[in-house]
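Q: I would like to learn how to read a sheet and a chain-chain interface. Can we work through an example?

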Amino acid sequence: MAKVIFITKKNDAVEVEGDSGSLMELATANGVSGIDGDCGGVCSCATCHIYVAPNDFEKIGQPEEIESDMLELDDNVTQYSRLCCQIEVTEAIDGMTFVVAN
Amino acid sequence: MTSKVTGISEFPDAFAQQRRVTGMGQMDDQNDPVNMILGLKDVRKAAHNCAVFQSGAKPGRIVIPSEVAIRETRQIPFEVDPPEHGGFRELLNPWFKRPLDECYQARLQTIIDETIENAFKAESFDVVSQFALPLQSKALTLLLNTSMDKAQTWIDWGTHVFRSEGSDLDGDKANILYNYIDEQIENAILNPGDDLYSVLLNSEANGKKLSKEEIKGVMILTFAGGRDTVINAITNSIAYFSENISDLKRIDDQPEILNRAVEELIRYFSPLTQMGRVATQDTSVCEHAIKADTRVSLCWASANRDEKVFKDPNNVDFDRKVNPHISFGFSHHNCLGATHARQILRQLVLSLANKVAQIETIKADENIEKLGEFSRKVGFNSLHVSFKSK
């Protein structure tokens, strides 16, 4: 079981927990504002953009090429950007905080 | 036009050679030529660079074929550039996300179930005019939040809002839509309700109340943008499953693959071939000079078969977990109606998987677009099939 926090654009902190699926699915299932996941997680829409905390970024890992190509053209991209449809919910992310980009 | 009954599930990549050789294609369109951008990364870059490749040109000019001759109203937010575009999207996005509501989905399911039941009752039927068009029209009543009886008017317009029998634009036919929308706006002023017209009449974007002309622009986009595209997506899906019934059975057995399957079908079909932009300055794409005030197209259909991005791009693969297709466009101007379209397809494909044992094709007339040097199958003019229920 992983418990994580999303910080939305309005600075609301939303704490959610899950043990499977993608981080995008966990966010949309809990109505996290700014995470739409329109394409259902196939990395086509870039509506699940988050920032990972710098200290956690190494643990989460760099995006694959297709994901980084998508992020490259997002106006709000930073070096800590990820599309959360490509992050699995496992115990490895337990306790992390993610900032919603849009 | 061609007539055939086998191979109808195949949608060849019309752009492969030119995409590999130069990355660009050319076509004329009513004496306003178009440089077609063919590779996925180039299309995405151009779509994102709205300062150089603008949407806010003369109304109708970014559409291919151009609608300059038949339309003066600017479609909103589609033909508006940032930052003004963002204000309109902020207003419209929540309304166009309503297909995610359970209540909306339940009503959509009723429409889909009735459409499939009617198909079972018929010995055979034309998918385009007797299945996809009624389904699209009835589903549109949900998006507009209007009464279901409006759908019959839209069905009676036929499959094309802007075209008569051929592919040429038909100004008289387009005026039927424009006049209809004018009437509906006036009706909503006299009898406000909770439909999209009424909501827009009471809305502001970019700090200003929407004008009637702006509301008309939103409504034209909503009617026109989601008509041929949704009809193509529905019809092409049925054509695909008619020759690949085991894939439909697989969805019934493994409903967890539904989303991947729908996204893959949308990539493969690319229901809208391309969309234009107008260059605001001299620039270049793939070392090809683009002059200021000329048109380029973002060729979604070519980009979605780009072998540099997609493995086996001409195969329909429901196991394609990462699928960065751009059938709904890309960046600021991604499709406003994508949530509605996806919801129709997800529920329709799952319902077909649950209910249909076999789809037999009787005759098919493919719709082949002539795009300069390219000929592309985008859908069907008609597709006569019969459904066998489980």
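The turns below take the sheet of chain A, then the interface with chain B, in what is a predicted model.

Q: What is the strand order of the open sheet in chain A, and how is the sheet paired?

A: Strands of a sheet pair through backbone hydrogen bonds, in parallel or antiparallel fashion. Here five strands form an open sheet in the order 2-1-5-3-4, and the pairing is mixed. Strand 2 (13–18) and strand 4 (81–83) of chain A pair on one side only, as the edge strands. On average, neighbouring strands are turned by 35° against each other, direction ignored.

Q: How many bridges join strand 1 to strand 2 of chain A?

A: Six bridges join strand 1 (residues 2–7) to strand 2 of chain A, and the two run antiparallel. Within strand 2, Val14(A) is the bridge partner of Phe6(A).

Q: Which strands does helix 3 of chain A touch?

A: Helix 3 (residues 65–72) packs on the sheet and touches strand 3 (49–52) and strand 4 of chain A; its direction makes about 115° with that of strand 4.

Q: How much area do chain B and chain A bury between them?

A: They bury about 1,500 Å², 50% of it on carbon and sulfur atoms. In chain B, Arg44(B), His48(B) and Val322(B) lose the most area to chain A, together 27% of what that side buries.

Q: How many salt bridges does the rule find across this interface?

A: The rule finds four. The side chains of Lys97(B) and Asp38(A) form a salt bridge, at 2.7 Å from N to O.

Q: Which helix of chain B gives the most residues to the side that touches chain A?

A: Helix 2 of chain B does, with four residues. That side of chain B divides into four nonpolar, six polar and nine charged residues.

Technical notes: Residues are numbered from 1 along each chain as its sequence is written. Chains are lettered from A and ligands numbered from 1 in the order in which they are written. This is a predicted model: local features need pLDDT of at least 70, side-chain atom pairs count only at pLDDT 80 or more; totals for chains, interfaces and linings use all residues. Side-chain values use heavy atoms; hydrogens and water are left out. Two strands pair if DSSP finds at least two bridges between them. Axes are lines fitted to C-alpha atoms, for helices over the stretch in contact, and angles run from 0 to 180 degrees between N-to-C directions. Contact means heavy atoms within 4.5 Å. Buried area is the accessible area (1.4 Å probe) that two parts lose on being put together, summed over both. Ala, Val, Leu, Ile, Met, Phe, Trp, Tyr, Cys and Pro count as nonpolar, Asp, Glu, Lys and Arg as charged, and the others, Gly among them, as polar.
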